[in-house]
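Biologist: Please take a close look at one part of this structure, the charged side chains and the pairs they may form, and then carry the account outward into the surroundings. I would prefer one connected answer to a list.

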Amino acid sequence: GNGGEVYAVIIGSAASTNVGMASIQQPTRYLQVGTQVSPEATVQNYGDAAATFTAHLVVSDTRDSVIYRDSALVTGLAPGETEPVSFADWTPTRFDLFSSTFYTALPGDSYPGDDTMVMKSKCFHDGAPIRIGPPNRELTVGSSFTPMVSVVNNGSYSDVMQCLLVVRDSAGAVVY
(Lines give C-alpha, C1' and ligand atoms only; values in the text may rest on other atoms or scores of the structure.)
Protein backbone atom coordinates (compact mmCIF):
# COMPACT_ATOMS: atom_id res chain seq x y z
CA GLY A 1 0.00 0.00 0.00
CA ASN A 2 1.94 2.97 -1.29
CA GLY A 3 -0.74 4.61 -3.37
CA GLY A 4 -0.64 1.93 -6.03
CA GLU A 5 3.02 2.39 -6.97
CA VAL A 6 4.97 -0.72 -7.88
CA TYR A 7 8.70 -1.08 -7.38
CA ALA A 8 11.04 -3.69 -8.83
CA VAL A 9 14.49 -4.13 -7.37
CA ILE A 10 17.08 -6.63 -8.56
CA ILE A 11 19.61 -7.57 -5.92
CA GLY A 12 22.69 -9.48 -6.98
CA SER A 13 24.74 -9.75 -10.12
CA ALA A 14 23.63 -9.31 -13.68
CA ALA A 15 23.03 -12.32 -15.85
CA SER A 16 26.33 -13.77 -17.02
CA THR A 17 25.32 -13.80 -20.70
CA ASN A 18 23.53 -10.64 -21.76
CA VAL A 19 24.48 -8.28 -24.57
CA GLY A 20 22.36 -5.77 -26.45
CA MET A 21 22.09 -2.51 -28.33
CA ALA A 22 23.00 0.71 -26.50
CA SER A 23 22.45 3.37 -29.21
CA ILE A 24 22.21 4.08 -32.93
CA GLN A 25 24.48 6.73 -34.46
CA GLN A 26 23.66 6.23 -38.18
CA PRO A 27 21.34 6.37 -40.00
CA THR A 28 19.56 9.38 -38.60
CA ARG A 29 15.86 10.22 -38.95
CA TYR A 30 16.40 11.99 -42.30
CA LEU A 31 17.94 10.43 -45.43
CA GLN A 32 18.33 11.69 -48.99
CA VAL A 33 18.22 9.78 -52.28
CA GLY A 34 21.73 9.23 -53.60
CA THR A 35 23.46 10.17 -50.33
CA GLN A 36 25.54 7.38 -48.84
CA VAL A 37 24.70 6.12 -45.33
CA SER A 38 27.44 4.68 -43.09
CA PRO A 39 25.45 2.65 -40.53
CA GLU A 40 26.84 2.58 -37.01
CA ALA A 41 25.46 1.47 -33.67
CA THR A 42 26.87 0.87 -30.19
CA VAL A 43 26.55 -2.48 -28.48
CA GLN A 44 26.96 -3.12 -24.76
CA ASN A 45 27.79 -6.13 -22.62
CA TYR A 46 25.18 -6.02 -19.85
CA GLY A 47 26.33 -9.37 -18.44
CA ASP A 48 29.16 -10.21 -16.05
CA ALA A 49 31.30 -12.28 -18.44
CA ALA A 50 33.23 -11.30 -21.58
CA ALA A 51 31.23 -12.00 -24.72
CA THR A 52 31.84 -12.67 -28.41
CA PHE A 53 28.76 -12.25 -30.58
CA THR A 54 27.39 -10.98 -33.87
CA ALA A 55 25.67 -7.63 -34.38
CA HIS A 56 23.23 -7.43 -37.29
CA LEU A 57 21.55 -4.71 -39.33
CA VAL A 58 18.51 -5.18 -41.57
CA VAL A 59 17.03 -2.23 -43.50
CA SER A 60 13.51 -2.58 -44.89
CA ASP A 61 11.15 -0.27 -46.79
CA THR A 62 7.44 0.45 -46.33
CA ARG A 63 6.54 -2.79 -48.11
CA ASP A 64 8.64 -4.73 -45.55
CA SER A 65 11.04 -5.67 -48.34
CA VAL A 66 14.60 -6.10 -47.09
CA ILE A 67 16.78 -3.74 -49.12
CA TYR A 68 20.02 -4.09 -47.13
CA ARG A 69 21.53 -6.59 -44.71
CA ASP A 70 24.92 -6.77 -42.99
CA SER A 71 26.55 -8.16 -39.85
CA ALA A 72 29.70 -7.64 -37.83
CA LEU A 73 31.55 -9.77 -35.28
CA VAL A 74 32.19 -8.31 -31.83
CA THR A 75 34.93 -10.19 -29.99
CA GLY A 76 35.72 -10.33 -26.27
CA LEU A 77 33.57 -7.40 -25.15
CA ALA A 78 34.24 -7.00 -21.41
CA PRO A 79 31.38 -6.79 -18.87
CA GLY A 80 29.83 -3.31 -18.74
CA GLU A 81 31.79 -2.12 -21.76
CA THR A 82 30.41 -0.63 -24.98
CA GLU A 83 31.78 -0.82 -28.50
CA PRO A 84 30.80 1.01 -31.69
CA VAL A 85 29.99 -1.31 -34.58
CA SER A 86 30.19 -0.15 -38.21
CA PHE A 87 28.39 -1.78 -41.10
CA ALA A 88 28.94 -1.53 -44.87
CA ASP A 89 27.69 1.65 -46.54
CA TRP A 90 24.40 1.73 -48.45
CA THR A 91 22.62 4.42 -50.45
CA PRO A 92 18.86 5.10 -50.68
CA THR A 93 17.82 4.94 -54.33
CA ARG A 94 14.22 6.17 -53.99
CA PHE A 95 11.86 8.16 -51.77
CA ASP A 96 10.49 5.95 -48.98
CA LEU A 97 10.32 5.31 -45.26
CA PHE A 98 13.07 2.99 -44.04
CA SER A 99 13.35 0.91 -40.87
CA SER A 100 16.90 0.11 -39.76
CA THR A 101 16.74 -2.78 -37.31
CA PHE A 102 19.95 -3.34 -35.33
CA TYR A 103 20.16 -6.44 -33.15
CA THR A 104 22.63 -8.67 -31.34
CA ALA A 105 22.85 -12.46 -31.48
CA LEU A 106 24.58 -14.11 -28.54
CA PRO A 107 23.87 -17.82 -28.01
CA GLY A 108 22.40 -18.27 -24.54
CA ASP A 109 21.61 -14.56 -24.07
CA SER A 110 19.62 -14.56 -20.83
CA TYR A 111 17.68 -11.35 -21.52
CA PRO A 112 16.63 -10.74 -25.15
CA GLY A 113 14.64 -7.61 -24.23
CA ASP A 114 17.61 -5.31 -24.88
CA ASP A 115 18.86 -7.00 -28.05
CA THR A 116 17.08 -4.84 -30.66
CA MET A 117 16.81 -1.16 -31.59
CA VAL A 118 15.05 0.34 -34.61
CA MET A 119 15.60 3.69 -36.33
CA LYS A 120 12.76 4.91 -38.57
CA SER A 121 14.09 7.20 -41.31
CA LYS A 122 12.26 9.19 -43.94
CA CYS A 123 13.63 9.94 -47.35
CA PHE A 124 11.27 12.41 -49.02
CA HIS A 125 9.92 15.97 -49.10
CA ASP A 126 7.35 16.64 -46.38
CA GLY A 127 5.75 19.85 -45.19
CA ALA A 128 2.80 20.26 -42.89
CA PRO A 129 0.72 23.21 -41.68
CA ILE A 130 0.99 23.63 -37.93
CA ARG A 131 -1.00 26.82 -37.35
CA ILE A 132 -3.58 28.84 -39.23
CA GLY A 133 -4.43 32.25 -37.91
CA PRO A 134 -6.19 34.59 -37.90
CA PRO A 135 -9.14 34.31 -38.53
CA ASN A 136 -9.94 33.74 -34.92
CA ARG A 137 -13.00 31.88 -33.76
CA GLU A 138 -14.95 35.11 -33.88
CA LEU A 139 -14.57 38.13 -36.14
CA THR A 140 -16.52 41.34 -36.27
CA VAL A 141 -18.52 41.79 -39.48
CA GLY A 142 -16.75 44.22 -41.78
CA SER A 143 -13.40 44.04 -39.95
CA SER A 144 -10.33 43.14 -41.96
CA PHE A 145 -7.67 40.60 -41.14
CA THR A 146 -4.60 39.11 -42.79
CA PRO A 147 -4.77 35.31 -42.95
CA MET A 148 -1.51 33.50 -42.16
CA VAL A 149 -0.36 29.90 -42.15
CA SER A 150 2.70 28.47 -40.40
CA VAL A 151 4.29 25.35 -41.84
CA VAL A 152 7.04 23.03 -40.68
CA ASN A 153 9.51 21.28 -42.96
CA ASN A 154 9.39 17.71 -41.70
CA GLY A 155 11.18 16.21 -44.68
CA SER A 156 14.70 15.21 -45.58
CA TYR A 157 15.41 18.17 -47.83
CA SER A 158 15.69 21.95 -47.51
CA ASP A 159 12.61 23.15 -49.34
CA VAL A 160 10.80 26.31 -50.29
CA MET A 161 7.11 25.61 -49.80
CA GLN A 162 4.25 27.31 -51.57
CA CYS A 163 1.20 27.44 -49.33
CA LEU A 164 -2.40 27.90 -50.35
CA LEU A 165 -4.89 29.18 -47.79
CA VAL A 166 -8.59 29.17 -48.64
CA VAL A 167 -11.13 30.77 -46.31
CA ARG A 168 -14.79 29.79 -46.72
CA ASP A 169 -17.90 31.19 -45.12
CA SER A 170 -20.42 29.04 -43.23
CA ALA A 171 -22.19 28.19 -46.50
CA GLY A 172 -18.92 26.93 -48.02
CA ALA A 173 -18.41 29.84 -50.41
CA VAL A 174 -14.81 30.97 -50.90
CA VAL A 175 -14.31 34.44 -49.41
CA TYR A 176 -10.49 34.50 -49.61
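Modeller: Arginine 63 is a good place to start, and in this predicted model it counts as exposed, because its relative accessibility of 58% lies over the 50% cut-off. Its side chain meets that of aspartate 61 in a salt bridge, with N and O 3.3 Å apart. Aspartate 61, by contrast, has a relative accessibility of 4% and therefore counts as buried, the limit being 20%, so that this salt bridge links an exposed arginine to a buried aspartate. In general terms, side chains of opposite charge can pair when their charged atoms come close.

Another such pair is that of aspartate 96 and arginine 94, whose closest N and O atoms are 3.3 Å apart. Here the acidic partner, aspartate 96, is buried at 7% relative accessibility, while arginine 94 is partly exposed at 29%. A further salt bridge brings together the side chains of lysine 122 and aspartate 126, at 3.0 Å from N to O. In this case the basic residue, lysine 122, is the buried partner, with a relative accessible area of 8%, and aspartate 126 is partly exposed at 24%. Shared partners tie several of these residues together: Asp61, Arg63, Arg94 and Asp96 belong to one network of salt bridges. Over the whole structure, the search finds four salt bridges.

The strands give this region its setting. An open sheet of four strands runs in the order β4-β3-β6-β7, and its pairing is antiparallel. β4 and β7, the latter covering residues 116–123, are the edge strands of this sheet, each of them pairing on one side only. Averaged over the sheet, neighbouring strands are turned by 15° against each other when direction is ignored. Within it, β3 and β6 are joined in the antiparallel sense over seven bridges, and serine 60 stands opposite serine 99 of β6.

The loops that leave these strands hold some residues that deserve attention. Aspartate 64 sits in the loop between β3 and β4, where it has a positive phi of about 60° without being a glycine. Most residues other than glycine have a negative phi, and most peptide bonds are trans. With a relative accessible area of 66%, aspartate 64 is exposed. In the loop between β6 and β7 lies leucine 106, which counts as buried because its relative accessibility is 15%. Although leucine 106 and threonine 52 are 54 residues apart in sequence, their C-alpha atoms are separated by 7.4 Å in space.

Another open sheet, of three strands, has the order β1-β2-β5, again with antiparallel pairing. Its edges are formed by β1 and by β5 (82–86), and because each has a single partner strand, one side of each is left without a neighbour in the sheet. The twist from one strand to the next averages 25° here. The antiparallel strands β2 and β5 are joined by five bridges, and valine 43 stands opposite glutamate 83 in β5. The loop between β1 and β2 contains proline 27, and the peptide bond that joins glutamine 26 to this proline is cis, with omega at about 5°.

Valine 43 leads on to the interior, since it appears again in the largest nonpolar core, which has 24 residues; Val43, Phe53, Val85, Phe87, Trp90 and Phe102 are the members that touch the most others. Two or more residues apiece come from β1, β2, β3, β4 and β6, and β3 makes the greatest contribution, with five residues.

On the outside, Leu164, Val166 and Val174 form a nonpolar surface patch of about 320 Å². Valine 166 is found in the segment after β9 (148–153), and with a relative accessible area of 41% it is partly exposed. From valine 174 to proline 129 the C-alpha separation is 20 Å, and the residues are 45 positions apart along the chain. Proline 129 belongs to strand β8, residues 127–133, and at 57% relative accessibility it counts as exposed.

Methods
Residues are numbered from 1 along each chain as its sequence is written. This is a predicted model: local features need pLDDT of at least 70, side-chain atom pairs count only at pLDDT 80 or more; totals for chains, interfaces and linings use all residues. Side-chain values use heavy atoms; hydrogens and water are left out. A nonpolar core is a set of buried Ala, Val, Leu, Ile, Met, Phe, Trp, Tyr and Cys residues joined through side-chain atoms within 4.5 Å. Buried means under 20% relative accessible area, exposed over 50%, partly exposed in between (1.4 Å probe, protein chains only). Patches are made of residues with over 30% relative accessible area and no salt bridge: like charges are joined within 9 Å, nonpolar side chains (Val, Leu, Ile, Met, Phe, Trp, Tyr) within 5 Å. Accessible areas come from the Shrake-Rupley method with a 1.4 Å probe; for residues, only the protein chains shown count as cover. Two strands pair if DSSP finds at least two bridges between them. Axes are lines fitted to C-alpha atoms, for helices over the stretch in contact, and angles run from 0 to 180 degrees between N-to-C directions.
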